[in-house]
Amino acid sequence: MTPDDFHFLARLVRRRGGLALGDGKGAGLEQRLMPVMRRFGFRESAALIGELRLGNDTLAAAVTEAMTVNETSFFRDPPQFARLRDEMLPRLLTARGQERHLRIWSAACAAGQEVWSLAMMLDAMPLHGWTIDLVASDICGDAVARAAAGHYSQYEVMRGLSEEDVARHFVPQESGFLISDRLKRMVRFRKFNLMDSYGWLDGLDLVLCRNVLMHFDRAARLSVLERLADTMSPDGLLVLGDTETVQGCADLYQELPGGTGIYMKARAQITRLNAAI
Ligand SMILES: C[S@@+](CC[C@H](N)C(=O)[O-])C[C@H]1O[C@@H](n2cnc3c(N)ncnc32)[C@H](O)[C@@H]1O
């Protein structure tokens, strides 16, 4: 790929998906474009970029999705999930004891293991009479469809789940395992790009935005962190991946002691919000 084509592509996926492509020197880039080239009938990346330059929006969306990293697993980062289960969710439940309503968002859910892990944890809690609004989204339509289908291979369920978890929450299929209807009823899925408008989101008590901002460039990461803060209730919590931080947005968030990547809104933000009311 010529440097000019690379810079065009890098700008496009940055603008559309917030994603940073690095220096483009690795062989991985062309490889990741291969499925899109096959699907749209291009033999060379130059022809694909040429079509992108003409403004083909469907192709641009497919290329952006092809640049995402979809690695995930059930209960990925177990200490973080343990802290959510033992400390954070009980704290939120106490705080919401009057209204008995929780809003939770898995903001880059990939194939769904993250949100199903949350649903399993919530299913084990005494939530009779509560309304739990559990929403999961991702920029990749295929990932969202997989997540909503809730069908996983033997290998996938073995990554993070115990035999008891599988027996309790899945129905064995001819190939793999299907998430139970009880859990399916708990989650709503939608395709959503973190670079788009967050108008449909408000008053979130818990936001999981894990292992996605690490792939964004700095400006996109800061813009997402700022807008996430606006969607969260004043005492809401933000959970990031273990290599991610709120660097550059320290006035908006403070990490909870213990270093497990769980953040609450900083006092300045709470004060700002109160002033706006
Ligand atoms: C590495 S996976 C992380 C999945 C899960 N959160 C976890 O921690 O296991 C990153 C996900 O972010 C999604 N993603 C990348 N850019 C996005 C964007 N602009 N908006 C929404 N999702 C995005 C990718 O499609 C991918 O599924």
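Helix H7, residues 141–149, lies across strands E2 and E6. The helix runs at about 165° to E6. I should say at once that this is a predicted model.

Let us turn to the sheet to which E2 and E6 belong. Seven strands form this open sheet, and their order is E6-E2-E1-E7-E8-E10-E9, with mixed pairing. At the edges stand strand E6, residues 187–191, and strand E9, residues 253–255. Each of these two has a single partner strand, so one side of each is left without a neighbour in the sheet. From one strand to the next, the twist averages 20°. A second helix, H6, also packs on the sheet, where it touches E1, E2, E6 and E7. The direction of H6 makes about 165° with that of E2.

I shall now follow strand E1, residues 101–106. Is E1 mostly covered or mostly uncovered? It is mostly covered, since five of its six residues are buried.

On one hand, E1 pairs with strand E2, residues 131–138; six bridges join the two, and they run parallel. As an example of the pairing, His101 stands opposite Thr131 in E2. On the other hand, E1 pairs with strand E7, residues 204–209, again in the parallel sense, over three bridges. Here Ile104 stands opposite Leu206 in E7, and the bridge partner of Trp105 is Val207. A general point may help when you look at such pairs: in a regular strand the side chains alternate between the two faces of the sheet.

How are E1 and E2 connected with helix H6? Together, E1, H6 (residues 113–123) and E2 make a right-handed β-α-β unit.

Two residues in the loops on either side of E1 deserve attention. Arg100 has its place in the loop between helix H5, residues 78–95, and E1. Ala110 has its place in the loop between E1 and H6. Phi of Arg100 is near 50°, a positive value in a residue other than glycine. For Ala110, phi is likewise near 50° and positive, and this residue is not glycine either. Which class of exposure does each fall into? The relative accessible area of Arg100 is 35%, so Arg100 is partly exposed; that class lies between the limits of 20% and 50%. Ala110 has 7% relative accessibility and therefore counts as buried, because buried means under 20%.

The model also holds a three-stranded sheet. It is open, its order is E3-E5-E4, and its pairing is antiparallel. Its edge strands are E3, residues 151–152, and E4, residues 170–172, each of which pairs on one side only. Three bridges join E4 to strand E5, residues 177–179, and these two strands run antiparallel. Within this pair, the bridge partner of Val171 is Leu178 in E5.

I close with helix H11, residues 218–231. What span should its 14 residues have at 1.5 Å a residue? The expected value is 20 Å, and the end C-alpha atoms are 20 Å apart, which agrees. Which residues of H11 are buried? They are Ala220, Arg221, Leu222, Val224, Leu225, Leu228, Ala229 and Thr231.

Definitions and conventions
Residues numbered from 1 in each chain as written. Predicted model: local features only at pLDDT ≥ 70, side-chain atom pairs only at ≥ 80, totals over all residues. Heavy atoms only, no water. Buried < 20%, exposed > 50% of the residue type's maximum accessible area, 1.4 Å probe, protein only. Helix = DSSP H or I, 4+ residues; strand = E, 2+ residues; numbered from the N terminus. Pairing = 2+ DSSP bridges. Right-handed = clockwise from strand over helix to strand, strands pointing away. Expected span 1.5 Å × (residues − 1). Axes fitted to C-alpha atoms, helices over the stretch in contact; angles between N-to-C directions. Contact = heavy atoms within 4.5 Å.
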